[in-house]
Structure formats: C-alpha cells, structure tokens
Amino acid sequence: MGYFQFHKSPLFLKIIFIISIAIIFFIGGVTFKHITVLKKSSDFVSKSHGVNIELERLISFIKDAETGQRGYLLTKDETFLKPYLESKNALKKSFNKVSKLTENSRAQQANLKKLLFFINKRQNYLSKSIYLKEDKNYDKNELAKNLIIGRKTMDSIRSQIEEMMITEKVLLNYRQQEYISTMNYTPLLIYLTLIVTLLLITIAFIKMNRDLVLLKKTINTLTVANEASNLAEIVGGFGSWQYNLDKQTFTFSDNEYRLLGCEPQSFTASGESFYQFVHPDDVDYVRENSINIQSEVNLPPFTYRIIRKDGEIRYFRALGRVVNVSSGERTYIGTTSDVTAEVEAKQMIELRNRDLESSNKELMAFNYIASHDLQEPLRKIETFLSRLVTKDYSNLSQSGQQYVSSIQSSAKRMRVLIDDLLQFSRTNKGEKIFEKTDLNIVLSNVLQELAPTIEDKKALITSDVLPTFDAIPFQIQQLLTNLISNSLKYSKENSAVEIKITATTCTAENEENIPDTIIGSNLYYKIVFQDNGIGFDQEYASKIFILFNRLHNKNEYSGTGIGLAICKKIVENHRGFIIANAIVNEGAKFTVYFPVVS
C-alpha cells in the first residue's frame with residue numbers, strides 16, 4: 001500500500017471547510033446565547049424595578065387607606081373614606097402585577113402569600129374600626145385595641161415588603177454575577193474560535209493555492225502530452241475517437257480526419273459521417289461491430305476498408321474499450337489504425353505460401369520419383385552388372401573389367417546418395433510428433449545397429465547417463481547414428497577408436513555457443529560427442545553442416561555430404577543447436593544443446 005498524503009488530498013480540504021462552517025455556527029450559537037443572557041438580564045432588571053415600584057405602590061395604597069380611616073375617625077367626614085374605598089381595587093391590581101412579575105421566583109411567591117395575608121388582615125381591621133366608629137355605643141377600648149392590631153399589622157406589611165425588596169435585590173445581584181461571568185469568558189471563547197477559524201481558512205487557502213499551481217502544471221503537462229499524442233498518431237499512422245455512451249456523441253482526433261484524407265475537424269464527428277467513407281461492401285460489417293459498442297465493455301479489433309476523400313482504398317483496424325471518467329459518464333475510447341501495409345504484406349505472404357505449397361507438392365513428387373522411379377533403373381543396372389560379373393567377367397579384357405568395377409562403384413554411390421536424399425527429405429517434411437524419449441535406450445539401439453562397424457574398428461564407446469525429454473524418437477536415433485558413424489568413419493588408421501559421450505545441463509548465459517537473441521528456454525541439456533579421429537581444420541567448422549559439402553575426397557572417405565546436414569536439421573526441429581570443434585589429427589567434438597521444457 002502506497003503512502004497516503006492526507007494533507008494533500010481533496011478530502012482534507014472538504015474536512016477543513018466543514019470544520020470552518022461548524023465553528024462559524026458555534027460562534028453564532030455563543031453569540032446568540034450571549035444576547036439571550038443579556039436580554040434575560042435586561043428583562044430581569046426591568047422586572048426587578050417593576051416589582052420594587054409596585055411594592056412601593058402597595059404600601060402607598062395601604063397608607064392612603066390608613067390615612068383616610070384616621071381622618072374619618074377624627075372628623076366623621078365621609079370624604080376621608082374615598083382613598084380607603086379606592087385602595088381596595090388599586091391594591092388588587094398592584095398585587096396582581098407583583099405576582100405576575102415574580103411568577104418565576106418561588107421565594108417571592110412565598111413572600112407574596114404572607115404579604116397578602118397581612119394586607120387582608122390590615123383591610124379587615126380598617127373595616128372593623130370604621131364599623132365600630134359608626135356605632136354610637138362603640139367600645140373605646142375595643143376600638144383602641146383594633147387600632148393597635150392594625151398598626152402592628154402595618155408594621156408586618158412594611159417588614160414583608162422590605163424582605164421582598166431585599167430578596168429581589170439578591171436575585172438581581174445573582175443575575176448580574178451570572179451575566180458578568182458569561183460576559184467574561186464569551187469574548188475570549190469567540191476570539192479563540194475566530195483565530196482557529198482564520199487558521200483553518202489560511203490552511204485551506206494555502207492548499208487551494210498549491211492545487212491551483214499544481215493544476216497549472218498539470219494543464220501544461222496535459223497540453224504537452226496532447227501534442228505528443230497528436231504527433232504520435234501522425235508518426236504511427238493511427239487516429240483516436242471517443243463515444244460518450246450517455247450523450248451518444250462522437251469526438252475524432254485531428255489525425256482521424258487525416259486518415260480519411262480530410263482536414264482536421266472539417267466535418268462534425270458522428271457515426272453516419274464516418275460511414276460515408278467506409279467501403280460499400282464493408283458498411284454492414286462495420287455497422288454490426290459498432291452495435292456492440294452499446295453493450296460490450298471491450299470492442300474486439302476488426303479490419304475493414306475505407307475509401308479516402310481522394311478515392312484511395314485503405315485498410316483500417318479499429319478497437320476500443322469503455323472507461324469511466326471522473327464526471328461519472330461512460331465513454332468508449334478507441335483507436336483507428338491504417339494497416340494497409342500489414343494487410344498487403346499478409347496477402348503477399350499468403351500468395352507466397354500458396355507458391356511454397358505448390359513447390360512442396362512438386363518436391364513430394366520428386367521424392368516419389370527419387371524413391372521409386374529413379375531406384376527402379378538403378379536396381380536393373382545393379383542386377384545386370386551382377387549377372388555380368390558372375391557369368392562373363394572373366395571373358396572381359398582388363399580394361400573392360402576396370403570399367404565394370406567403376407560402374408559398380410558409381411551405382412553403389414548413387415544408391416547411397418538417393419537413400420541420404422530421402423532421409424534428408426524425411427527429416428524436413430516428416431510429422432513432428434514429440435513423445436517422452438529416453439536417450440539411453442536410443443543409444444543402446446544405435447550401438448546394436450552399428451555393432452559390426454564398431455567391432456571392425458575395435459571402437460571403445462563410453463557414455464554418461466543421458467537425459468529423458470520430449471523428442472521425435474526416430475529423428476533422435478538418426479542423429480546419434482550419424483554422429484557416431486561419422487566418428488567411426490573418420491578414425492585414424494592403426495589406432496583404436498575412442499568415442500566419449502557426456503551429458504550435463506547448462507544455462508544460456510553461461511554458454512557462448514547459444515545465441516543471445518534466442519527467446520525461450522534458458523536451461524539446456526548439453527550432450528558432447530568427442531572422438532580421437534582425424535579431426536579437421538576449425539575454419540571449416542561451419543561449412544560441414546551444409547548440404548553436399550565434403551572436406552575430403554570421395555576416394556579417401558565414402559559419403560555424400562548429407563549426414564551432418566541431417567544432424568543439424570534434426571537438432572533444429574527440436575529447437576536446439578549443434579556446434580562442431582576439431583583439431584587436425586587430434587579428433588573432433590560435436591556439442592548438441594536441447595532446451596529443457598518444464
């Protein structure tokens with residue numbers, strides 16, 4: 001997993017934006033709370049003043065009632081009763097206002113209940129005193145007693161009102177302390193949150209500024225890449241196109257137009273406008289493949305013909321696949337290549353293959369002639385020569401006998417030549433059926449086949465344990481037969497033949513004999529055939545595998561010059577290599593490499 005630079009990702013910018021918005025809402029909430037607290041404090045101060053005013057009104061109304069009572073008791077003038085009578089309604093209204101203003105205070109509501117008790121008591125004694133005064137036979141002692149109780153009740157009212165004012169003052173101080181406390185930390189909190197917000201906005205600005213710089217660099221890079229792509233299309237002989245599957249619109253590159261022989265962007269890109277350039281015989285084929293664009297993810301490559309604007313017929317190959325762009329739209333991206341040269345080359349190869357097939361048929365006919373028709377007269381020549389030698393050889397002159405011997409030698413050599421040619425032809429055209437082959441068993445069969453020659457040459461043949469791999473059995477047997485026969489044939493006179501066969505494995509990097517350009521197996525079986533024969537000059541090492549090439553006169557050593565050519569062909573059929581090394585009069589070494597197939 002690659003290192004994820006979170007601070008450089010778009011998600012980081014989104015998180016900063018969300019946090020900034022959250023902080024702004026937080027500051028708004030704190031401000032709203034502060035204003036709410038301020039408003040509550042202001043309302044409470046107003047209520048407190050209202051309570052104090054109404055309490056003062058209450059005691060004023062009671063004093064007015066008391067003053068009117070006294071004036072009436074002293075003068076018997078009923079005009080003094082007017083304040084007393086009016087005070088009842090005034091007291092009720094003022095008391096209700098105080099009750100309304102203190103409805104959220106349990107302490108004040110409790111004080112109001114006590115105050116109401118004292119007010120009612122005071123009102124009752126005022127009424128009772130007036131009632132006694134109106135009675136002509138009233139008891140002065142009882143009146144005095146009522147006046148004393150009334151005065152004490154008035155003192156209780158004053159005391160209760162003072163207590164309520166003190167309570168209201170305490171509540172007011174508590175509210176002011178709460179307001180001051182709120183006002184003390186609120187500016188600091190707002191200041192800190194503003195600093196954090198500014199910091200986050202600054203970071204976001206730096207990030208956006210870097211993104212803009214990166215965006216400019218990216219645009220510049222894309223511009224260069226686009227120009228490079230256009231140049232690559234021109235050099236590579238291909239064009240590109242895009243098909244928006246959602247909007248069903250086409251876009252052609254400039255070189256797409258050039259491939260059609262038109263100026264870039266000279267007509268509106270669309271399927272129908274492109275079909276006008278398609279060869280009439282290929283239009284249905286192209287339309288059928290184009291339908292797959294709507295349903296398939298990949299558009300398999302297909303080849304068709306077009307007629308350029310100048311009338312030239314060219315071969316195009318199209319392919320494409322679906323991609324999902326960042327906007328979420330599905331777009332088919334494809335290329336159109338001019339493959340005229342490739343198609344014409346393929347057609348030329350097919351023509352040459354047909355010619356080669358015809359040549360192969362002629363070669364097979366020649367092989368048939370060589371194996372049947374040419375051998376038939378040769379057998380008759382050999383038959384008549386045999387009869388001539390048996391019946392009339394002694395009747396011939398000495399020169400005639402020499403002629404007959406030369407004819408026999410030539411016929412025998414021709415027989416060997418025809419057999420070798422057939423063997424080489426079989427190696428070239430035979431079915432290459434590979435099967436698991438044990439080279440140790442093949443070597444044993446070869447030694448049995450060559451036993452008479454080995455015994456005649458008194459040869460000593462030693463071998464390592466040979467590998468087992470997939471091979472063409474009869475060709476491998478022919479290979480071993482030819483190589484061992486070659487060592488037996490080109491042996492030194494009056495010297496025992498020694499042939500040593502070794503087998504190891506090697507890699508292509510460690511063997512200079514294996515070409516570096518070979519692509520395939522890196523591991524090889526390395527089998528070496530080394531003898532102590534006459535050898536040959538190393539400068540001829542590459543020529544001995546050429547067909548009919550001989551290093552020695554036919555009178556010195558028999559042979560047709562085909563055996564080693566057959567060996568090379570067999571090794572090549574197995575994707576291997578054969579190398580010859582030799583020193584004159586010291587022996588020859590043939591190294592064979594077979595790839596190890598896992």
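Me: How much of the protein, with its 598 residues, counts as buried?
Reply: This is a predicted model, where local features need pLDDT of at least 70 and side-chain atom pairs count only at pLDDT 80 or more, while totals for chains, interfaces and linings use all residues. Residues are numbered from 1 along each chain as its sequence is written, and side-chain values use heavy atoms, with hydrogens and water left out. Buried means under 20% relative accessible area, exposed means over 50%, and partly exposed sits in between (1.4 Å probe, protein chains only). Of the 598 residues, the share that counts as buried is 33%.

Me: How many helices and strands does the protein have?
Reply: Both are DSSP runs numbered from the N terminus: helices are H or I with at least four residues, strands are E with at least two. On that basis, the tally is 14 helices and twelve strands.

Me: Which strands stand at the edges of the open sheet β2-β1-β5-β4-β3?
Reply: Two strands pair if DSSP finds at least two bridges between them, and the pairing in this five-stranded sheet is antiparallel. Each edge strand has a single partner, so one side of it is left without a neighbour in the sheet. The edges are β2 (249–252) and β3 (298–307).

Me: What is the bridge partner of Asn 244 in β2?
Reply: Strand β1 (residues 238–244) runs antiparallel to β2, and four bridges join them. In β2, Asn 244 is partnered by Thr 249.

Me: Now the other open sheet, β7-β9-β10-β12-β11: which strands are at its edges?
Reply: Five strands make up this sheet, and the pairing is mixed. An edge strand here pairs on one side only, and that goes for β7 (460–463) and β11 (577–583).

Me: In β9, which residue is the bridge partner of Ser 463?
Reply: β7 and strand β9 (residues 498–507) pair in the parallel sense, over four bridges. Within β9, Ser 463 is matched with Ile 501.

Me: At about what angle does α13 run to β12?
Reply: Axes are lines fitted to C-alpha atoms (for helices, over the stretch in contact), and angles run from 0 to 180 degrees between N-to-C directions. α13 lies across β7, β9, β10 (523–531), β11 and β12 (587–595). Its angle to β12 is about 165°.

Me: Is Thr 481 buried or exposed?
Reply: Thr 481 sits in helix α13 (residues 473–489). Contact means heavy atoms within 4.5 Å, and, leaving aside neighbours within four places in sequence, Thr 481 is in contact with Val 446, Glu 449 and Leu 450. Its relative accessible area is 9%, so Thr 481 is buried.
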